[in-house]
Amino acid sequence: MAPVLNVGIVGTGIFARDRHLPSYKEMSDNFKVVAAFNRTKAKALDFAKVAGIPEDHVYDNLDEIMNDKEVSFIDALLPAQFNLSTVQKAISAGKPVLLEKPIAATMAQAREIVKITDASDIPVGIAENWTYLTCIDLAKKHLARIGPVVGFTHNSTGPFNSTNKYLSTSWRQHPEHIGGFLSDGGVHQLALVIALLGEFGSVSALTRQVRKESGTDDIVFSTVQMKDNDVVGTFTYGSAFGATSKSVFLKIYGKNGSVVVDLSNKQQPTVSVTVGDSAETAGKEEVYQVEKDESFGVNPEFLNFHEAVAKKDKTLFKSSPRSAFHHLACVAAFLESSAKNGTTVEVETI
Ligand SMILES: NC(=O)c1ccc[n+]([C@@H]2O[C@H](COP(=O)([O-])OP(=O)(O)OC[C@H]3O[C@@H](n4cnc5c(N)ncnc54)[C@H](OP(=O)(O)O)[C@@H]3O)[C@@H](O)[C@H]2O)c1
């Protein structure tokens, strides 16, 4: 039987309470939340009540929770500018750490995180839960039928939602992380596209700020050249528009057909496949329901981190600092390209 790993939560905000804690509770054969630290201690004490953490395991600072010998790993849910200092402390304390996305607030911090995690055997993960969406394996299976792939269109657009619980957080409205919502949410979209099609090589992009509440640019329209092949595509992202239906899809075009991953209805994602090398030979569109995952990738992500920590093998965790670095590097390239009026920009590699 897998060991039960004891989790120390750092940052007991919305996502810790509404998603991470329920996921750990659902998987109580694998995890037990045993300690917490939050800047505002009253919130950590409230969280501790719901989580069943004894009061003497609600700590006053990061060092105390890092040095709690009962804690198997730290799950840190902080604004991205705190990820570097958190990972530095975790590595000094010899404690595995799962950090929320994006990997860092700046490319310099992201580079430093990759450098220090490359040099250590301690498992460090970046919680990009879209890496674990069930639609990815299903789509991959069908991609083999439509190849070779020649292009793609990724579109994730939706209406501005002023009652969104995440929007009111001050660190999102005044972002220190590059790209604001473009990195906060955009790295999820990038994780999906890149998991299916590979890394981006260069981009030409235009970004704009539609809403003052976003604090910075909040929409991107871009064209993409993939790094390792001739595949080209478009990547569009933004949730700051006026009334419009939510539309989240990745359409992949091959010489022998197409695959569409549609996540517009989060409750009922689909993968649609049409095979044939022309209109004349096209088969009937096949529509597959994606296996439901209420956690939207978080539960399989946690189980994957569990495996890496239990086996003391950092390479087992898929959402590594290196892969998350690439996702933030794409956002940085969008911003740089837009600042140069859409000039093509190479995506930084490490
Ligand atoms: N994977 C996903 O789909 C997903 C979804 C939502 C959020 N997230 C991630 O989860 C993390 C938390 O987001 P959230 O939505 O839960 O936001 P939140 O409720 O505002 O939580 C942020 C946490 O960070 C702490 N914090 C903020 N500023 C700080 C500072 N200057 N020094 C120390 N601590 C500080 C807050 O402490 P106080 O209580 O003292 O303010 C709070 O505990 C972020 O990294 C976010 O990207 C991921």
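Both F73 and F305 are buried, and the exercises below, which concern a predicted model, begin with this pair.

**Exercise 1. Aromatic pairs**

Classify the geometry of the ring pair F73 and F305, and then that of F305 and F317.

Solution. A pair of aromatic rings is described by the distance of the centres and the angle of the planes. A search of the whole structure finds 14 aromatic pairs. For F73 and F305, the ring centres lie 5.2 Å apart and the planes stand at 80 degrees, so the pair is edge-to-face, given that planes over 60 degrees apart count as such. The two partners come from distant parts of the chain, with F73 in strand β4 (residues 73–76) and F305 in helix α10, 232 residues apart. The next step keeps F305 and turns to F317: the centres of these rings are 5.1 Å apart and their planes are at 80 degrees, so this pair too is edge-to-face. Because F305 belongs to helix α10 while F317 sits in the loop between α10 and α11, the contact ties together parts that are twelve residues apart in sequence. F305 and F317 are both buried. As a last step, the pairs can be placed in their wider setting, since F73, F305 and F317 belong to one aromatic cluster that also includes Y24, F31, Y132 and F302.

**Exercise 2. Salt bridges**

Determine which parts of the chain are linked by the salt bridge between R145 and E286, and which by the one between E199 and K227.

Solution. The whole structure holds 16 salt bridges according to the search. In one of them, the side chains of R145 and E286 meet at 2.9 Å, N to O. This pair links distant parts of the chain, as R145 is in helix α6 (residues 134–146) and E286 in strand β14 (residues 286–289), 141 residues apart. R145 is partly exposed, with a relative accessible area of 33%, and E286, at 22%, also counts as partly exposed, because the buried class requires a value under 20%.

The side chains of E199 and K227 form another salt bridge, at 3.1 Å, N to O. E199 lies in the loop between α9 (186–197) and β8 (200–208), and K227 in the loop between β9 (219–226) and β10 (232–241), so the pair ties together parts 28 residues apart in sequence. The relative accessible area is 28% for E199, which is partly exposed, and 41% for K227, which is likewise partly exposed.

A further bridge joins K340 and E336 at 2.7 Å, N to O, where K340 is partly exposed at 43% relative accessibility and E336 is partly exposed at 36%. Finally, R17, D18 and K165 are joined into one network by salt bridges that share partners.

**Exercise 3. Backbone exceptions**

Locate the cis peptide bonds that join K101 to P102 and G147 to P148, and decide whether F296 is buried or exposed.

Solution. Most residues other than glycine have a negative phi, and most peptide bonds are trans. The bond between K101 and P102 is cis, with omega about -10 degrees, and P102 lies in the loop between β5 (97–100) and α5 (107–118). The bond between G147 and P148 is cis as well, with omega about -5 degrees, and P148 falls in the loop between α6 and β7 (149–159).

F296, although not a glycine, has a positive phi of about 50 degrees, and its place is the loop between β14 and α10 (298–310). With a relative accessible area of 11%, F296 is buried. K266 lies over the face of F296, at 4.5 Å from the ring centre. N341, also a residue other than glycine, has a positive phi near 65 degrees and occupies the loop between α11 (321–339) and β15 (345–346); its relative accessible area of 67% makes N341 exposed.

**Exercise 4. The second largest pocket**

Work out which helix gives the largest share of the lining of the second largest pocket.

Solution. This pocket has a volume of about 260 Å³, and 16 residues line it, with T131, Y132, I136, A195 and K318 nearest its centre. Helices α6, α9 and α11 each supply at least two residues of the lining, and the largest share, four residues, comes from α6. By class, the lining of the second largest pocket comprises six nonpolar, six polar and four charged residues.

Definitions and conventions:
Residues numbered from 1 in each chain as written. Predicted model: local features only at pLDDT ≥ 70, side-chain atom pairs only at ≥ 80, totals over all residues. Heavy atoms only, no water. Salt bridge = Lys/Arg side-chain N within 4 Å of Asp/Glu carboxyl O. Buried < 20%, exposed > 50% of the residue type's maximum accessible area, 1.4 Å probe, protein only. 1 Å grid on protein atoms, 1.4 Å probe; cavity = no way out; pocket = protein on both sides within 12 Å on 5 of 7 lines; lining within 4 Å. Points joined across faces, edges and corners; volume = space filled by probe spheres on them. Nonpolar A, V, L, I, M, F, W, Y, C, P; charged D, E, K, R; others polar. Phe/Tyr/Trp six-rings, centres within 6.5 Å; stacked < 30°, edge-to-face > 60°. Lys NZ or Arg CZ within 6 Å of the ring centre and 35° of its normal.
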